[in-house]
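Please open the structure in a viewer and keep the sequence panel visible beside it. The tour below proposes one selection at a time and describes what is found there.

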Amino acid sequence: MSTSQIAFLKGHGTENDFVIVPDPDNALALPADVVARLCDRRAGIGGDGLLHVVRSAAHPEARHMADAAEWFMDYRNADGSVAEMCGNGVRVFARHLQLAGLVEEGDLTVATRGGPKRVHLAKNGDVTVSMGHALLPEESATVSVGDRSWPTRNVNMGNPHAVAFVDDLDHAGDLFTAPSVTPEAVYPDGVNVEFVVDRGPRHVALRVHERGSGETRSCGTGACAVAVAAARRDGADPAETGLPATYRVDLPGGTLVITEHPDGGIDMTGPAVIVAEGVIDQAWLETA
């Protein structure tokens, strides 16, 4: 670990919150236990995850994307585990780059483990991320909470999601622990589970258990997965209708607007806010 002071910021997208650690040259070692301590809401800074901000050319997992994207979002879950992608995280990541003077309003590309993601920083403060295409694996699973069980739609947004349509969001339980998903072999690396209810035409609400983090106030890739699953359920698959399908997705922390286009591309639009910045106590970090 570097002995110099380590700067951090705190930000959120629809209350999905993150510790942000700028490290352009990839000079910091951030092992899982340190990340977990930083994300601890009582003993650390607190967050649903950590955004490690690195130049793509400086990170071995992102060098192949350096020509397309100068910056790599090295995303970690709250337990310190590595994740492929976080939609809310990308928006907050882009907002940090803008406020730091590293990018300007308009279009940019961010490298992630789920591939390069196109981002648009709008004048009104919203951030739109082109989330790529959803994959719909044929394998499906059943999710259970207590004595209730539901079939799920398997949607992969660069990370895996199991989407269950339910009658009442309270049926998801407390979501402190992961819901039971069977067969486990469908998701060998774990899965994010979304519980979804209808609020109106092209309008849904959800609660989510994110693998490695528990229930979070918002999940961007989860909102996209839910919109895709809802469009298929509603007979509004853009590839078949030739028309974009736009869904309003309400989450505990706010609202995201998800549009799937006829070519399969998915856009996610919502807010991104940086709320604080400071310096991590070096002595505390070394003992953590």
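Is Ala 205 buried or exposed? The model is predicted, and in it Ala 205 has a relative accessible area of 4%. Because the cut-off for a buried residue is under 20%, Ala 205 counts as buried.

**First stop: the surroundings of Ala 205**

Select residues 203-210, which form strand β14; Ala 205 is found in this strand. Next, display the residues in contact with Ala 205, leaving aside its neighbours within four places in sequence: Leu 169, Phe 195, Val 196, Val 197, Arg 199 and Asp 250. Then add Thr 255, which is 50 residues from Ala 205 in sequence and 8.9 Å from it in space, C-alpha to C-alpha.

**Second stop: the aromatic pairs**

A search of the whole structure finds two aromatic pairs. Select Phe 18 and Tyr 75, which form an edge-to-face pair with 6.0 Å from centre to centre and 75 degrees between the planes. This pair links distant parts of the chain, since Phe 18 belongs to strand β2 (residues 16-22) and Tyr 75 to strand β4 (residues 71-77), 57 residues apart. Both Phe 18 and Tyr 75 are buried.

Now select Trp 150 and Phe 195, an edge-to-face aromatic pair with 5.6 Å centre to centre and 80 degrees between the planes. Here, too, distant parts of the chain are linked: Trp 150 is in strand β9 (residues 148-151) and Phe 195 in strand β13 (residues 192-200), 45 residues apart. Both Trp 150 and Phe 195 are buried. Phe 195 also appeared among the contacts of Ala 205.

**Third stop: strands β6, β7 and β18**

Select residues 117-121 and 127-133. These are strands β6 and β7, which pair in the antiparallel sense over four bridges. Within them, Val 119 stands opposite Val 129 of β7. Five residues lie between the two strands of this hairpin, where Gly 125 takes a positive phi near 100 degrees.

Which strand should be added beside β7? Strand β18 (residues 265-270) pairs with β7 in the antiparallel sense, over six bridges. To locate one of the bridges, select His 133 and its partner in β18, Gly 265.

**Fourth stop: the empty spaces**

Rolling a probe the size of a water molecule over the atoms shows where empty space is left. Begin with the largest pocket, which holds about 160 Å³ of space. Its lining includes Pro 179, Tyr 187, His 209 and Arg 211. By class, the residues of this lining divide into seven nonpolar, three polar and two charged.

How many cavities of 30 Å³ or more does a search of the whole structure find? The search finds two. The largest cavity has a volume of about 70 Å³, and its lining includes Tyr 75, Met 85, Asn 159, Arg 211 and Cys 219. The lining of this cavity consists of four nonpolar, four polar and three charged residues. Tyr 75 was met earlier as the aromatic partner of Phe 18.

Finally, select Ala 227, Val 228, Ala 231, Ala 245, Tyr 247, Ile 258, Thr 259 and Glu 260, which line the second largest cavity. The space in this cavity is about 40 Å³. At least two residues of its lining come from each of α3 (220-233), β16 (245-251) and β17 (254-260). The lining comprises six nonpolar, one polar and one charged residues.

Methods. Residues numbered from 1 in each chain as written. Predicted model: local features only at pLDDT ≥ 70, side-chain atom pairs only at ≥ 80, totals over all residues. Heavy atoms only, no water. Buried < 20%, exposed > 50% of the residue type's maximum accessible area, 1.4 Å probe, protein only. Contact = heavy atoms within 4.5 Å. Pairing = 2+ DSSP bridges. 1 Å grid on protein atoms, 1.4 Å probe; cavity = no way out; pocket = protein on both sides within 12 Å on 5 of 7 lines; lining within 4 Å. Points joined across faces, edges and corners; volume = space filled by probe spheres on them. Nonpolar A, V, L, I, M, F, W, Y, C, P; charged D, E, K, R; others polar. Phe/Tyr/Trp six-rings, centres within 6.5 Å; stacked < 30°, edge-to-face > 60°.
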